[in-house]
Amino acid sequence: MKQRLQMQYNFLHILFWLISCSLNGFVAIYLKNKGLDNTLIGVVTGSSCVLITFVSPMVTNYVQSHEHITIPKTMDVLMAVSAVFFLVISFLPVPSMALIGIYVANLTMFLCAVPLLSTIAMNYNARGIDLNFGLSRGLGSISYAASAVVLSLLVEWLNPNWLSVVYAISALTFLILVNTLPDYQEEKSQTQKSGSIASVIVKYRTLFFILLGWSFAFAGSTSLSTYLINVVENLGGNTTVYGFAIFAMAASEMPAMAVTRKLMRRFDAMPLILVSGICYIFRNILVALAPNLMILFVGMMFQSVTYGLLTSVLTYYVADICEKDDQVMGQTLIGMMTTGIGSMMGNVLGGILQDMFGLNAMLLFVTFSTLLGIVIMVTVCIIQIRRNVNKHPAVNA
(Lines give C-alpha, C1' and ligand atoms only; values in the text may rest on other atoms or scores of the structure.)
Protein backbone atom coordinates (compact mmCIF):
# COMPACT_ATOMS: atom_id res chain seq x y z
CA MET A 1 0.00 0.00 0.00
CA LYS A 2 2.78 2.42 0.93
CA GLN A 3 4.53 2.03 -2.44
CA ARG A 4 1.29 2.56 -4.35
CA LEU A 5 0.42 5.59 -2.22
CA GLN A 6 3.88 7.07 -2.79
CA MET A 7 3.39 6.68 -6.54
CA GLN A 8 0.00 8.40 -6.38
CA TYR A 9 1.43 11.27 -4.37
CA ASN A 10 4.34 11.54 -6.80
CA PHE A 11 1.93 11.90 -9.71
CA LEU A 12 -0.04 14.53 -7.79
CA HIS A 13 3.07 16.68 -7.58
CA ILE A 14 3.98 16.03 -11.21
CA LEU A 15 0.56 17.26 -12.31
CA PHE A 16 0.36 20.07 -9.77
CA TRP A 17 3.61 21.71 -10.83
CA LEU A 18 2.76 21.28 -14.51
CA ILE A 19 -0.39 23.26 -13.69
CA SER A 20 1.71 25.82 -11.81
CA CYS A 21 4.02 26.28 -14.78
CA SER A 22 1.14 26.94 -17.16
CA LEU A 23 -0.31 29.59 -14.83
CA ASN A 24 2.73 31.10 -13.08
CA GLY A 25 5.71 30.25 -15.26
CA PHE A 26 4.61 32.36 -18.21
CA VAL A 27 2.64 35.03 -16.40
CA ALA A 28 4.69 37.94 -17.81
CA ILE A 29 4.54 36.58 -21.36
CA TYR A 30 0.82 35.83 -21.10
CA LEU A 31 -0.15 39.21 -19.68
CA LYS A 32 2.14 41.12 -22.05
CA ASN A 33 0.34 39.37 -24.90
CA LYS A 34 -2.89 40.79 -23.42
CA GLY A 35 -1.45 44.32 -23.51
CA LEU A 36 -0.31 44.81 -19.90
CA ASP A 37 2.98 46.56 -19.07
CA ASN A 38 5.48 45.55 -16.36
CA THR A 39 3.80 47.70 -13.70
CA LEU A 40 0.37 46.16 -14.31
CA ILE A 41 1.90 42.67 -14.38
CA GLY A 42 3.40 43.45 -10.97
CA VAL A 43 0.03 44.68 -9.74
CA VAL A 44 -1.67 41.46 -10.91
CA THR A 45 0.85 39.09 -9.37
CA GLY A 46 1.37 41.27 -6.30
CA SER A 47 -2.36 41.59 -5.62
CA SER A 48 -2.76 37.82 -5.57
CA CYS A 49 0.15 37.61 -3.12
CA VAL A 50 -1.53 40.15 -0.82
CA LEU A 51 -4.82 38.28 -1.02
CA ILE A 52 -3.18 34.95 -0.28
CA THR A 53 -2.01 36.21 3.12
CA PHE A 54 -5.69 36.61 4.10
CA VAL A 55 -7.49 34.01 1.98
CA SER A 56 -5.18 31.04 2.53
CA PRO A 57 -5.54 31.03 6.37
CA MET A 58 -9.31 31.38 5.94
CA VAL A 59 -9.43 28.38 3.60
CA THR A 60 -7.17 26.38 5.90
CA ASN A 61 -9.25 27.21 8.97
CA TYR A 62 -12.46 26.37 7.11
CA VAL A 63 -11.11 22.93 6.16
CA GLN A 64 -10.02 22.25 9.73
CA SER A 65 -13.24 23.48 11.32
CA HIS A 66 -15.84 21.63 9.22
CA GLU A 67 -16.21 17.88 9.54
CA HIS A 68 -17.35 17.20 5.98
CA ILE A 69 -14.93 19.54 4.23
CA THR A 70 -11.89 17.60 3.05
CA ILE A 71 -8.73 18.68 1.27
CA PRO A 72 -9.74 16.97 -2.03
CA LYS A 73 -13.15 18.68 -1.96
CA THR A 74 -11.51 22.03 -1.33
CA MET A 75 -9.08 21.49 -4.19
CA ASP A 76 -12.00 20.50 -6.45
CA VAL A 77 -13.55 23.93 -6.01
CA LEU A 78 -10.34 25.97 -6.17
CA MET A 79 -8.87 24.38 -9.28
CA ALA A 80 -12.07 23.74 -11.24
CA VAL A 81 -13.21 27.36 -10.91
CA SER A 82 -9.71 28.59 -11.71
CA ALA A 83 -9.57 26.45 -14.87
CA VAL A 84 -12.88 27.80 -16.15
CA PHE A 85 -11.80 31.40 -15.46
CA PHE A 86 -8.49 30.87 -17.27
CA LEU A 87 -10.26 29.53 -20.37
CA VAL A 88 -12.70 32.44 -20.36
CA ILE A 89 -10.06 35.19 -20.30
CA SER A 90 -7.99 33.34 -22.91
CA PHE A 91 -10.60 32.77 -25.61
CA LEU A 92 -13.37 35.32 -24.98
CA PRO A 93 -13.15 39.11 -25.32
CA VAL A 94 -12.75 40.46 -21.79
CA PRO A 95 -12.21 44.09 -20.69
CA SER A 96 -8.79 44.84 -19.23
CA MET A 97 -10.08 45.38 -15.68
CA ALA A 98 -12.00 42.08 -15.79
CA LEU A 99 -8.89 40.34 -17.14
CA ILE A 100 -6.82 41.69 -14.25
CA GLY A 101 -9.45 40.75 -11.65
CA ILE A 102 -9.90 37.21 -12.97
CA TYR A 103 -6.19 36.52 -13.24
CA VAL A 104 -5.67 37.75 -9.68
CA ALA A 105 -8.47 35.41 -8.55
CA ASN A 106 -6.90 32.52 -10.49
CA LEU A 107 -3.49 32.99 -8.91
CA THR A 108 -5.02 33.32 -5.44
CA MET A 109 -7.10 30.16 -5.77
CA PHE A 110 -4.16 28.17 -7.06
CA LEU A 111 -1.79 29.38 -4.32
CA CYS A 112 -4.37 28.39 -1.68
CA ALA A 113 -3.91 24.79 -2.80
CA VAL A 114 -0.12 24.72 -2.22
CA PRO A 115 -0.12 24.20 1.60
CA LEU A 116 -3.00 21.72 1.25
CA LEU A 117 -0.89 19.52 -1.02
CA SER A 118 1.96 19.52 1.54
CA THR A 119 -0.49 18.74 4.33
CA ILE A 120 -1.65 15.56 2.57
CA ALA A 121 1.81 14.02 3.05
CA MET A 122 2.18 15.31 6.61
CA ASN A 123 -1.21 13.80 7.54
CA TYR A 124 -0.18 10.41 6.20
CA ASN A 125 3.15 10.64 8.07
CA ALA A 126 1.29 11.50 11.28
CA ARG A 127 -0.70 8.27 10.89
CA GLY A 128 2.44 6.18 10.50
CA ILE A 129 2.52 6.00 6.68
CA ASP A 130 5.93 7.46 5.86
CA LEU A 131 5.62 9.31 2.56
CA ASN A 132 8.76 10.90 1.12
CA PHE A 133 7.55 14.45 0.57
CA GLY A 134 10.94 15.61 -0.69
CA LEU A 135 11.01 12.99 -3.45
CA SER A 136 7.50 13.87 -4.60
CA ARG A 137 8.22 17.60 -4.50
CA GLY A 138 11.44 17.01 -6.42
CA LEU A 139 9.57 15.13 -9.13
CA GLY A 140 7.21 18.09 -9.23
CA SER A 141 10.21 20.32 -9.95
CA ILE A 142 11.29 18.04 -12.79
CA SER A 143 7.74 18.25 -14.13
CA TYR A 144 7.84 22.06 -13.89
CA ALA A 145 11.19 22.09 -15.67
CA ALA A 146 10.09 19.86 -18.55
CA SER A 147 6.81 21.76 -18.82
CA ALA A 148 8.69 25.06 -19.13
CA VAL A 149 10.53 23.83 -22.22
CA VAL A 150 7.45 22.30 -23.86
CA LEU A 151 5.21 25.27 -23.04
CA SER A 152 7.79 27.76 -24.32
CA LEU A 153 7.66 25.97 -27.67
CA LEU A 154 3.85 25.99 -27.52
CA VAL A 155 3.86 29.73 -26.92
CA GLU A 156 6.31 30.26 -29.81
CA TRP A 157 4.32 28.09 -32.27
CA LEU A 158 0.80 29.11 -31.29
CA ASN A 159 0.14 31.79 -28.67
CA PRO A 160 -0.01 32.15 -24.86
CA ASN A 161 -3.79 31.58 -24.78
CA TRP A 162 -3.21 27.84 -25.19
CA LEU A 163 -1.63 27.77 -21.74
CA SER A 164 -5.19 27.79 -20.37
CA VAL A 165 -6.01 24.56 -22.25
CA VAL A 166 -2.98 22.85 -20.72
CA TYR A 167 -4.05 24.15 -17.31
CA ALA A 168 -7.62 22.86 -17.66
CA ILE A 169 -6.68 19.37 -18.86
CA SER A 170 -3.97 18.98 -16.20
CA ALA A 171 -6.25 20.30 -13.44
CA LEU A 172 -9.01 17.82 -14.36
CA THR A 173 -6.54 14.92 -14.27
CA PHE A 174 -5.15 16.14 -10.94
CA LEU A 175 -8.61 16.33 -9.35
CA ILE A 176 -9.49 12.82 -10.50
CA LEU A 177 -6.29 11.50 -8.91
CA VAL A 178 -6.54 13.44 -5.63
CA ASN A 179 -10.08 12.17 -5.09
CA THR A 180 -8.93 8.55 -5.42
CA LEU A 181 -6.47 8.80 -2.50
CA PRO A 182 -7.20 6.55 0.50
CA ASP A 183 -8.70 8.30 3.49
CA TYR A 184 -5.94 10.07 5.41
CA GLN A 185 -7.61 12.80 7.44
CA GLU A 186 -8.17 12.26 11.12
CA GLU A 187 -11.73 12.59 12.35
CA LYS A 188 -12.63 16.12 13.29
CA SER A 189 -14.63 16.88 16.35
CA GLN A 190 -16.84 19.91 16.74
CA THR A 191 -14.75 21.03 19.71
CA GLN A 192 -11.40 20.70 17.94
CA LYS A 193 -9.55 24.02 17.92
CA SER A 194 -7.28 24.91 15.05
CA GLY A 195 -4.37 27.26 15.51
CA SER A 196 -4.52 30.73 14.00
CA ILE A 197 -1.75 32.46 12.09
CA ALA A 198 -1.25 34.90 14.98
CA SER A 199 -0.96 32.10 17.54
CA VAL A 200 1.46 30.16 15.33
CA ILE A 201 3.68 33.24 14.94
CA VAL A 202 3.72 33.85 18.71
CA LYS A 203 4.34 30.20 19.62
CA TYR A 204 6.99 29.52 16.97
CA ARG A 205 8.97 32.74 16.79
CA THR A 206 12.14 31.13 15.44
CA LEU A 207 10.14 29.74 12.52
CA PHE A 208 8.58 33.15 11.89
CA PHE A 209 11.90 35.02 11.79
CA ILE A 210 13.44 32.40 9.51
CA LEU A 211 10.47 32.87 7.18
CA LEU A 212 10.79 36.65 7.49
CA GLY A 213 14.36 36.45 6.23
CA TRP A 214 13.35 34.04 3.51
CA SER A 215 10.59 36.40 2.39
CA PHE A 216 13.19 39.07 1.49
CA ALA A 217 15.40 36.59 -0.35
CA PHE A 218 12.26 35.18 -1.97
CA ALA A 219 11.29 38.69 -3.10
CA GLY A 220 14.54 38.87 -5.02
CA SER A 221 14.13 35.45 -6.61
CA THR A 222 10.50 36.24 -7.47
CA SER A 223 11.50 39.40 -9.33
CA LEU A 224 14.04 37.42 -11.29
CA SER A 225 11.58 34.63 -12.05
CA THR A 226 8.57 36.75 -13.00
CA TYR A 227 10.58 39.12 -15.19
CA LEU A 228 13.18 36.57 -16.29
CA ILE A 229 12.09 36.99 -19.90
CA ASN A 230 13.26 40.63 -19.68
CA VAL A 231 16.62 39.59 -18.21
CA VAL A 232 17.08 36.88 -20.87
CA GLU A 233 16.20 39.24 -23.72
CA ASN A 234 18.55 41.88 -22.28
CA LEU A 235 21.34 39.29 -22.57
CA GLY A 236 20.42 38.42 -26.15
CA GLY A 237 18.09 35.44 -25.58
CA ASN A 238 14.48 34.74 -26.61
CA THR A 239 11.42 32.81 -25.38
CA THR A 240 13.03 29.45 -26.16
CA VAL A 241 16.11 30.36 -24.12
CA TYR A 242 13.76 31.53 -21.38
CA GLY A 243 12.12 28.09 -21.39
CA PHE A 244 15.48 26.36 -21.01
CA ALA A 245 16.45 28.76 -18.21
CA ILE A 246 13.28 27.82 -16.33
CA PHE A 247 14.09 24.16 -17.02
CA ALA A 248 17.59 24.52 -15.54
CA MET A 249 16.21 26.28 -12.46
CA ALA A 250 13.39 23.84 -11.73
CA ALA A 251 15.24 20.64 -12.63
CA SER A 252 18.07 21.55 -10.25
CA GLU A 253 15.63 21.36 -7.31
CA MET A 254 15.18 17.60 -7.62
CA PRO A 255 18.47 16.33 -6.08
CA ALA A 256 18.20 18.44 -2.92
CA MET A 257 14.50 17.70 -2.42
CA ALA A 258 14.96 13.96 -2.93
CA VAL A 259 17.64 13.65 -0.23
CA THR A 260 16.20 16.11 2.29
CA ARG A 261 14.77 13.42 4.57
CA LYS A 262 18.11 11.61 4.68
CA LEU A 263 19.94 14.87 5.39
CA MET A 264 17.58 15.63 8.27
CA ARG A 265 18.34 12.25 9.83
CA ARG A 266 22.02 13.23 9.95
CA PHE A 267 21.82 16.98 10.56
CA ASP A 268 19.63 19.30 12.55
CA ALA A 269 17.29 21.55 10.53
CA MET A 270 19.10 24.77 11.54
CA PRO A 271 22.46 24.05 9.84
CA LEU A 272 20.61 23.05 6.66
CA ILE A 273 18.56 26.25 6.73
CA LEU A 274 21.77 28.24 7.37
CA VAL A 275 23.53 26.74 4.34
CA SER A 276 20.48 27.24 2.16
CA GLY A 277 20.16 30.87 3.19
CA ILE A 278 23.81 31.64 2.45
CA CYS A 279 23.51 30.03 -0.99
CA TYR A 280 20.91 32.63 -1.96
CA ILE A 281 23.91 34.93 -2.54
CA PHE A 282 24.85 32.76 -5.50
CA ARG A 283 21.26 32.07 -6.61
CA ASN A 284 20.03 35.65 -6.85
CA ILE A 285 23.09 37.83 -7.21
CA LEU A 286 24.74 35.73 -9.92
CA VAL A 287 21.56 36.02 -11.98
CA ALA A 288 21.12 39.73 -11.23
CA LEU A 289 24.71 40.58 -12.19
CA ALA A 290 25.09 38.02 -14.99
CA PRO A 291 27.15 39.45 -17.89
CA ASN A 292 25.98 36.67 -20.24
CA LEU A 293 23.52 33.81 -20.50
CA MET A 294 26.05 31.21 -19.29
CA ILE A 295 26.47 32.91 -15.91
CA LEU A 296 22.69 33.36 -15.69
CA PHE A 297 22.26 29.60 -16.12
CA VAL A 298 24.87 28.92 -13.42
CA GLY A 299 22.98 31.17 -11.01
CA MET A 300 19.67 29.46 -11.81
CA MET A 301 21.21 26.08 -10.94
CA PHE A 302 21.66 27.23 -7.34
CA GLN A 303 17.88 26.90 -7.05
CA SER A 304 18.66 23.36 -5.84
CA VAL A 305 20.36 24.32 -2.57
CA THR A 306 18.21 27.40 -1.97
CA TYR A 307 14.52 27.02 -2.75
CA GLY A 308 14.75 23.26 -3.31
CA LEU A 309 16.42 22.43 0.00
CA LEU A 310 14.69 25.12 2.05
CA THR A 311 11.17 24.20 0.93
CA SER A 312 11.57 20.56 1.92
CA VAL A 313 13.46 21.23 5.17
CA LEU A 314 10.90 23.75 6.42
CA THR A 315 7.98 21.50 5.48
CA TYR A 316 9.42 18.74 7.65
CA TYR A 317 10.54 21.24 10.31
CA VAL A 318 6.99 22.54 10.72
CA ALA A 319 5.69 18.98 10.98
CA ASP A 320 8.30 18.23 13.69
CA ILE A 321 7.94 21.32 15.89
CA CYS A 322 4.28 22.30 15.55
CA GLU A 323 1.60 20.83 17.76
CA LYS A 324 -1.20 18.84 16.13
CA ASP A 325 -3.66 21.73 15.94
CA ASP A 326 -1.02 24.03 14.44
CA GLN A 327 0.19 21.72 11.68
CA VAL A 328 -1.87 22.95 8.73
CA MET A 329 -1.62 26.60 9.75
CA GLY A 330 2.15 26.17 10.09
CA GLN A 331 2.34 24.95 6.49
CA THR A 332 0.11 27.87 5.50
CA LEU A 333 2.49 30.31 7.22
CA ILE A 334 5.29 29.13 4.92
CA GLY A 335 3.17 30.01 1.90
CA MET A 336 2.07 33.33 3.35
CA MET A 337 5.60 34.55 4.02
CA THR A 338 7.03 33.36 0.69
CA THR A 339 4.45 33.20 -2.10
CA GLY A 340 2.46 35.81 -0.17
CA ILE A 341 4.59 38.60 1.25
CA GLY A 342 7.85 37.75 -0.53
CA SER A 343 6.27 37.37 -3.95
CA MET A 344 4.20 40.51 -3.47
CA MET A 345 7.32 42.59 -2.81
CA GLY A 346 9.20 41.03 -5.70
CA ASN A 347 6.42 41.28 -8.25
CA VAL A 348 5.15 44.78 -7.44
CA LEU A 349 8.50 46.50 -6.84
CA GLY A 350 10.16 44.60 -9.68
CA GLY A 351 7.55 45.79 -12.18
CA ILE A 352 7.41 49.40 -10.97
CA LEU A 353 11.20 49.79 -10.82
CA GLN A 354 11.60 48.49 -14.36
CA ASP A 355 9.01 50.83 -15.83
CA MET A 356 10.24 53.87 -13.90
CA PHE A 357 14.02 53.41 -13.91
CA GLY A 358 14.84 50.43 -16.13
CA LEU A 359 15.90 46.81 -15.67
CA ASN A 360 19.07 47.67 -13.72
CA ALA A 361 16.98 49.28 -10.96
CA MET A 362 15.12 46.01 -10.45
CA LEU A 363 18.39 44.06 -10.38
CA LEU A 364 19.73 46.45 -7.72
CA PHE A 365 16.59 45.84 -5.64
CA VAL A 366 17.12 42.08 -6.02
CA THR A 367 20.67 42.40 -4.68
CA PHE A 368 19.79 44.44 -1.58
CA SER A 369 16.65 42.43 -0.78
CA THR A 370 18.60 39.19 -0.99
CA LEU A 371 21.39 40.43 1.28
CA LEU A 372 18.88 41.66 3.87
CA GLY A 373 17.10 38.31 3.87
CA ILE A 374 20.34 36.38 4.24
CA VAL A 375 21.45 38.50 7.20
CA ILE A 376 18.16 37.81 9.02
CA MET A 377 18.21 34.07 8.29
CA VAL A 378 21.85 33.59 9.21
CA THR A 379 21.44 35.55 12.47
CA VAL A 380 18.38 33.54 13.56
CA CYS A 381 19.99 30.20 12.66
CA ILE A 382 23.23 30.95 14.51
CA ILE A 383 21.30 32.02 17.64
CA GLN A 384 19.20 28.84 17.52
CA ILE A 385 22.22 26.60 16.91
CA ARG A 386 23.95 28.11 19.97
CA ARG A 387 20.81 27.53 22.04
CA ASN A 388 20.74 23.91 20.96
CA VAL A 389 24.41 23.48 21.89
CA ASN A 390 23.77 24.96 25.35
CA LYS A 391 20.78 22.63 25.86
CA HIS A 392 22.79 19.53 24.96
CA PRO A 393 26.39 20.20 26.02
CA ALA A 394 27.19 16.53 26.53
CA VAL A 395 26.27 15.60 22.99
CA ASN A 396 28.50 18.32 21.58
CA ALA A 397 31.42 17.86 23.96
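Which residues does Ser-136 touch, not counting residues up to four places away in sequence? In this predicted model, the answer is Gln-6, Tyr-9, Asn-10 and His-13. Ser-136 itself belongs to helix H6, which covers residues 133–157. The residue counts as buried because its relative accessibility is 0%, and buried means under 20% relative accessible area.

The loop that precedes this helix offers a second point of entry. Asp-130 is placed in the loop between helix H5 (96–126) and H6. With a relative accessible area of 35%, Asp-130 is partly exposed, whereas Ser-136 is buried. Residues up to four places away in sequence again set aside, Asp-130 touches Lys-2, Gln-6, Asn-125 and Arg-265. Gln-6 is thus a residue touched both by Asp-130 and by Ser-136. A further relation concerns Leu-5: Asp-130 and Leu-5 stand 125 residues apart in sequence, and their C-alpha atoms are 10.0 Å apart in space.

The next part of the structure to consider is helix H9, which spans residues 205–226, together with helix H16, which spans residues 327–357. The axes of H9 and H16 come within 7 Å and cross at roughly 40°. That angle makes H9 oblique to H16. The crossing of H9 past H16 is right-handed. Many residues meet where the two helices pass; among them are Leu-207, Phe-208, Leu-211, Trp-214, Phe-218 and Thr-226 from H9, and Leu-333, Ile-334, Met-337, Gly-342, Asn-347 and Gly-350 from H16.

Thr-226 shows this pairing at the level of a single residue. Thr-226 lies in H9 and counts as buried because its relative accessibility is 10%. Its side chain is joined to that of Asn-347 by a polar contact of 2.6 Å. Apart from its neighbours within four places in sequence, Thr-226 is in contact with Val-27, Ala-28, Ile-41 and Asn-347.

Helix H16 also packs against helix H15, which comprises residues 304–321. What is the angle at which H15 and H16 pack? It is about 150°, with the axes 9 Å apart. H15 and H16 are therefore roughly antiparallel to each other, since angles over 145 degrees count as such. The crossing of H15 and H16 is right-handed, and the crossing of H9 and H16 is right-handed as well. On the H15 side, Leu-314, Thr-315, Val-318 and Ala-319 take part, and they meet Gln-327, Gly-330, Gln-331 and Ile-334 in H16. Ile-334 also appears among the H16 residues that meet H9.

Helix H14, made up of residues 293–301, contains Gly-299. Is Gly-299 buried or exposed? Gly-299 is buried, with a relative accessible area of 0%. Residues up to four places away in sequence not being counted, Gly-299 touches Phe-282, Arg-283, Leu-286 and Val-287. Gly-299 and Ala-288 are 11 residues apart along the chain, and 8.8 Å separates their C-alpha atoms.

Two cysteines complete the account. Cys-21 counts as buried at 0% relative accessibility, and Cys-112 is buried with a relative accessible area of 2%. How many disulfides does the structure hold? The number is zero.

Terms used. Residues numbered from 1 in each chain as written. Predicted model: local features only at pLDDT ≥ 70, side-chain atom pairs only at ≥ 80, totals over all residues. Heavy atoms only, no water. Helix = DSSP H or I, 4+ residues; strand = E, 2+ residues; numbered from the N terminus. Buried < 20%, exposed > 50% of the residue type's maximum accessible area, 1.4 Å probe, protein only. Polar contact = N/O pair within 3.5 Å; in protein donor to acceptor, adjacent residues only side chain to side chain. Contact = heavy atoms within 4.5 Å. Disulfide = S-S within 2.5 Å. Axes fitted to C-alpha atoms, helices over the stretch in contact; angles between N-to-C directions. Parallel < 35°, antiparallel > 145°, perpendicular 65-115°, else oblique. Left-handed = near helix turned anticlockwise from the far one by under 90°.
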